[in-house]
Amino acid sequence: MSAAERQVREDLAAAYRLVALYGMDDSIYTHISARVPGTDDQFLINPFGMLFRDITASSLVKIDLQGRLVEPSAWDVNPAGFTIHSAVHAARHDAVCVLHTHTVAGVAVSSLAGGLAPCNQWALQFHQRVAYHDYEGIALNRAERERLVADLGPEHRAMILRNHGLVTLGRSVAEAFILMHNLERACRVQVAVQSTGQPTYPVPEEVCELTAQQYASGDTNRLASQPTDPYAREWRALLQRLAPPTTAAYRD
């Protein structure tokens with residue numbers, strides 16, 4: 001195993017555990033995948049049946065875009081997870097990591113006709129930058145992949161699956177997780193605001209767009225030692241939530 005693959009495995013296992021820690025998991029369902037470094041047709045995904053809190057770097061399953069095992073594993077993978085993740089990895093080679101959740105807040109917003117509203121700072125990160133895909137039933141039909149990637153388009157890094165849940169794409173595992181964390185909190189705030197029955201205080205369109213651009217630039221969050229990665233600072237901090245002995249466990 002290359003050092004690059006080992007690092008991706010450790011980051012992916014950490015993302016699974018962080019999703020569980022932040023309450024964004026759904027029993028053994030939903031999934032996070034990461035492209036195997038140096039390949040266009042292989043990715044790592046969770047063993048179907050293992051809780052997110054228990055996933056380790058070595059337990060991840062390596063498959064190709066046809067769903068075939070690349071390396072022996074005692075586990076299989078979630079068929080719906082394969083449909084969604086193989087579609088994105090095949091079409092978007094910029095997507096190192098693809099993260100999908102079914103949270104109460106995310107599913108609630110995905111079920112609203114208006115979708116995500118520009119009603120809070122977290123939501124403004126995704127202003128005019130989130131795609132939507134209509135619900136077609138549990139994603140077991142591989143023919144849906146073509147429609148899903150068409151709706152996703154070539155640039156979006158967030159997608160709302162109508163009546164279903166949320167998806168984020170990252171050029172790193174860190175980016176995919178941080179985008180999902182922010183999208184999830186945006187949905188939670190929206191549900192909380194709408195539950196009051198009070199009107200939302202409007203944000204001017206020019207301020208919505210400015211905020212989205214500020215998030216996209218990453219200029220307020222870069223490390224001097226890693227000027228091209230605005231997610232490194234927060235990712236390092238998030239990994240501290242997986243404090244010893246848990247930190248050592250996900251790297252196994």
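**Exercise 1. Glu184 and its contacts**

Task: determine with which residues Glu184 is in contact, leaving aside its neighbours within four places in sequence.

Solution: In this predicted model, where local features need pLDDT of at least 70, side-chain atom pairs count only at pLDDT 80 or more, and totals for chains, interfaces and linings use all residues, begin with the contacts. Residues are numbered from 1 along each chain as its sequence is written, and side-chain values use heavy atoms, with hydrogens and water left out. Contact means heavy atoms within 4.5 Å, and by this criterion Glu184 touches Met24, Thr103, Ala105, Gly106 and Leu166. Next, place the residue: Glu184 belongs to helix α6, helices being DSSP runs of H or I with at least four residues and strands runs of E with at least two, numbered from the N terminus. Finally, Glu184 counts as buried because its relative accessibility is 2%, where buried means under 20% relative accessible area, exposed over 50%, and partly exposed in between (1.4 Å probe, protein chains only).

**Exercise 2. The surroundings of strand β4**

Task: establish which strands pair with β4, and how many of its residues are buried.

Solution: Two strands pair if DSSP finds at least two bridges between them. Strand β1 (residues 31-35) runs antiparallel to β4 and is joined to it by 4 bridges, with His31 having His100 as its bridge partner. Strand β7 (residues 165-170) also pairs with β4 in the antiparallel sense, over 5 bridges, and here the partner of His100 is Val167. As for burial, 5 of the 5 residues of β4 (residues 97-101) are buried, so the strand is largely enclosed by the rest of the structure. Cys97, Leu99 and Thr101 point one way from the strand, while Val98 and His100 point the other way.

**Exercise 3. The nonpolar cores**

Task: identify which members of the largest nonpolar core touch the most other members, and which helix gives the most to this core.

Solution: A nonpolar core is a set of buried Ala, Val, Leu, Ile, Met, Phe, Trp, Tyr and Cys residues joined through side-chain atoms within 4.5 Å. The largest holds 52 residues, of which Tyr16, Ile32, Leu116, Phe177 and Trp235 touch the most other members. Helix α6 (residues 173-196) gives the most to this core, namely 10 residues. A second, separate core has 13 residues, among them Ala95, Ala131, Leu148 and Leu152. Returning to Ile32, its contacts beyond four places in sequence include Tyr16, Leu44, His85, Cys97 and Leu99.
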